[in-house]
Amino acid sequence: MEAISFILFAYVGFILIYFAIIIGAYVLRALGLYTMAKNQSIDNAWLSWIPIASTYIMGRLSEASPYVKRKVPKMHVIFPSVIGGYIVLSIIFSIVMQISIAPAIINEFKGINIPLFAGSMIFFVLSSFVIRALHLFVLYHIYKTHAPENATLFIVINIFIAIDFVFLFALRNKVPKIETDDSSDITQEI
């Protein structure tokens, strides 16, 4: 009986620690985005605290980057729309998976709809990569604006470990930097 109590206690403790880390990461990310948006006078900075709406702020911060050579028009609309669409597709994907797997389970995996199952799985995986690439694109421009010398390093770290909340929080009070060419400084002195 004591062993079961210990295992249950350890499990509950693990769950509580896990949720504390998730909530802490959420607060650090939201606070970082909120402060950056306030510092750059972006309207509705409070949207940083709302999960899907925070992508609007990220799009605005990305648009404000002077380093974007090929401006993506309305990134503040595109990014949240793509994320919202991905969520809707994820729900559809889970329904399709239920439809294709449930009959197979009942009939001992005879007659599984393999094309439907494989097609939806491939689509889901590919769309996940697209979402991740778009997220890294937006983050890169935010990092490049606030820490141009470390932007690439931050993105490489984010590719392997999703700790953007740490970087956004750490950069929240940095004034956006705009690098100038040394040649323009020389011509101004002459």
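## Exercises on helix packing and the nonpolar core

Helix 4 passes helix 5 in a right-handed crossing, a crossing being right-handed if the near helix is turned clockwise from the far one by less than a right angle, and left-handed if anticlockwise. The model is predicted, so that local features need pLDDT of at least 70 and side-chain atom pairs count only at pLDDT 80 or more, while totals for chains, interfaces and linings use all residues. Residues are numbered from 1 along each chain as its sequence is written, and side-chain values use heavy atoms, with hydrogens and water left out.

**Exercise 1.** Determine how helix 4 and helix 5 are oriented to each other, and which residues meet.

*Step 1.* Helix 4 covers residues 114-146 and helix 5 covers residues 151-160, where helices are DSSP runs (H or I, at least four residues) numbered from the N terminus.

*Step 2.* Their axes lie 9 Å apart and make an angle of about 150°, the axes being lines fitted to C-alpha atoms over the stretch in contact, with angles from 0 to 180 degrees between N-to-C directions.

*Step 3.* Because angles over 145 degrees count as roughly antiparallel, the two helices are roughly antiparallel to each other.

*Step 4.* Arg-132, Leu-136, Leu-139, Tyr-140, Tyr-143 and Lys-144 in helix 4 meet Ala-151, Thr-152, Phe-154, Ile-155, Asn-158 and Ile-159 in helix 5, contact meaning heavy atoms within 4.5 Å.

**Exercise 2.** Describe the largest nonpolar core and the helices that supply it.

*Step 1.* This core has 28 residues; a nonpolar core is a set of buried Ala, Val, Leu, Ile, Met, Phe, Trp, Tyr and Cys residues joined through side-chain atoms within 4.5 Å, and buried means under 20% relative accessible area (1.4 Å probe, protein chains only).

*Step 2.* Among the residues with the most contacts inside the core are Ile-142, Tyr-143 and Leu-168.

*Step 3.* Helix 1, helix 2, helix 3, helix 4, helix 5 and helix 6 each supply at least two residues, and helix 4 gives the most, with 7 residues.

**Exercise 3.** Trace the surroundings of Tyr-143, stating whether this residue is buried or exposed.

*Step 1.* Tyr-143 is found in helix 4 and, at 0% relative accessibility, counts as buried.

*Step 2.* Leaving aside neighbours within four places in sequence, the contacts of Tyr-143 include Pro-148, Asp-164, Phe-167 and Leu-171.

*Step 3.* Phe-167 is 24 residues from Tyr-143 along the chain, yet their C-alpha atoms are separated by 8.1 Å.

Conventions
Parallel < 35°, antiparallel > 145°, perpendicular 65-115°, else oblique. Buried < 20%, exposed > 50% of the residue type's maximum accessible area, 1.4 Å probe, protein only.
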